[in-house]
Amino acid sequence: MKEINTAHPLEEQCTEMAAILGLEEPVTEQVLLSALANPVYAHNLLVCRNAPEFMQQLLKNPPKIVAEEGVVPSTATLISNAAKSFARWAATGFSTVSNETYERRLSACDACPDLNVPPPKQGALYKMMGAKVDERKVCRKCGCVVSVKARRNTDTCPEPDPQRPGFNRWQEPIPG
Ligand code: SF4
């Protein structure tokens, strides 16, 4: 997979997402971040690759996740992690886990000491990605919004379960 340029991660990823969707022009930052936060929107973009009129409608109307005025995402690592997660997920056709797995993962996150509220300085960015500033929804270990991450079968929990060697906190095997 192509390396991500963390000096210009959003621009790189807008271009990369356009390539995934078969577009000549980069998608907007709002489209990219809405797709990161919203699996249904991402899926709809993917299935409309050969339907230009529907694609244009989707590109013009990303789900309303609005940044605070004047605040620009600034954390390269966070964006890079989100972008890498998105690229992995796109490669599987945006497939998602079952509801049962999703609920199990979220329950583990709810009980985890590493689940936190978004850092205040990154409030606008997290808001675009689906987490409100006063909600405990962000994993301190990877910086992901857990309700988004837990849906993707290409994502995993980065922390070993201290009670169960060889498994992470989601109770999924850690690759050897
Ligand atoms: S992904 Fe893992 S480490 Fe992060 S909050 Fe969830 S259970 Fe905790």
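Gln 171 lies in the segment after α8, where helices (H or I, at least four residues) and strands (E, at least two) are DSSP runs numbered from the N terminus. Although Gln 171 is not a glycine, its phi is positive, at about 65°. With 30% relative accessibility, Gln 171 counts as partly exposed; buried means under 20% relative accessible area, exposed over 50%, and partly exposed in between, with a 1.4 Å probe and protein chains only. These values belong to a predicted model, in which local features need pLDDT of at least 70, side-chain atom pairs count only at pLDDT 80 or more, and totals for chains, interfaces and linings use all residues. Residues are numbered from 1 along each chain as its sequence is written, and side-chain values use heavy atoms, with hydrogens and water left out.

Ile 174 is likewise placed in the segment after α8. Its relative accessibility is 38%, so Ile 174 counts as partly exposed. The C-alpha atoms of Ile 174 and Pro 160 are 7.6 Å apart in space, with their positions 14 residues apart in sequence. When neighbours within four places in sequence are left aside, Ile 174 is in contact with Pro 160, Gly 166, Phe 167 and Asn 168, contact being defined as heavy atoms within 4.5 Å.

Phe 167 also takes part in a charge–ring arrangement: Arg 164 lies over the face of Phe 167, at 3.6 Å from the ring centre. The criterion is that NZ of Lys or CZ of Arg is within 6 Å of the ring centre and within 35 degrees of the ring normal. Another such arrangement joins Arg 151 and Tyr 102, the charged end of Arg 151 sitting over the ring of Tyr 102 at 3.8 Å from its centre. As for pairs between rings, a pair of aromatic rings is described by the distance of the centres and the angle of the planes. Rings of Phe, Tyr and Trp (its six-membered ring) pair if their centres lie within 6.5 Å, with planes under 30 degrees apart counted as stacked, over 60 as edge-to-face and the rest as tilted. By this rule, the count is 0 aromatic pairs.

The chain as a whole has 8 helices and 2 strands, and along the sequence these follow the pattern α-α-α-α-α-α-β-α-β-α. Of its 176 residues, 43% count as buried. Among the contacts in the chain with a separation of 6 or more, 53% are accounted for by residues 24 or more positions apart.

Helix α4 (residues 52-60) shows how burial is distributed around an axis. Met 55, Leu 58 and Leu 59 of α4 are buried. These residues cover an arc of only 100° around the axis, which puts them on the same side of α4; the arc is that of the directions from the helix axis to the C-beta atoms. On the other side of α4, Glu 53, Phe 54 and Lys 60 are exposed. In helix α5 (residues 76-91) one finds Ala 90, which counts as buried at 12% relative accessibility. Ala 90 and Leu 21 are 69 residues apart along the chain, and their C-alpha atoms are separated by 9.9 Å.

The strands bring further separated positions into view. Leu 115 is placed in strand β1 (residues 115-116) and is buried, with a relative accessible area of 5%. Beyond its neighbours within four places in sequence, Leu 115 is in contact with Cys 109, Asp 110, Arg 136, Lys 137, Val 138, Cys 139 and Val 146. Its C-alpha atom is separated by 9.6 Å from that of Gly 143, 28 residues away along the chain. Arg 140 is found in the loop between β2 (138-139) and α8 (146-149). With neighbours within four places in sequence set aside, Arg 140 is in contact with Pro 113, Asp 114 and Asn 116. Arg 140 and Pro 118 are 22 residues apart in sequence and 8.7 Å apart in space, C-alpha to C-alpha.

Cys 109 and Cys 139, both contacts of Leu 115, are also among the residues around the ligand. The others are Cys 112, Lys 149, Cys 157, Pro 158, Glu 159, Arg 169 and Trp 170, a residue being near a molecule or strand if one of its heavy atoms lies within 4 Å of it. By class, this shell has 6 nonpolar, no polar and 3 charged residues. Here Ala, Val, Leu, Ile, Met, Phe, Trp, Tyr, Cys and Pro count as nonpolar, Asp, Glu, Lys and Arg as charged, and the others, Gly among them, as polar.
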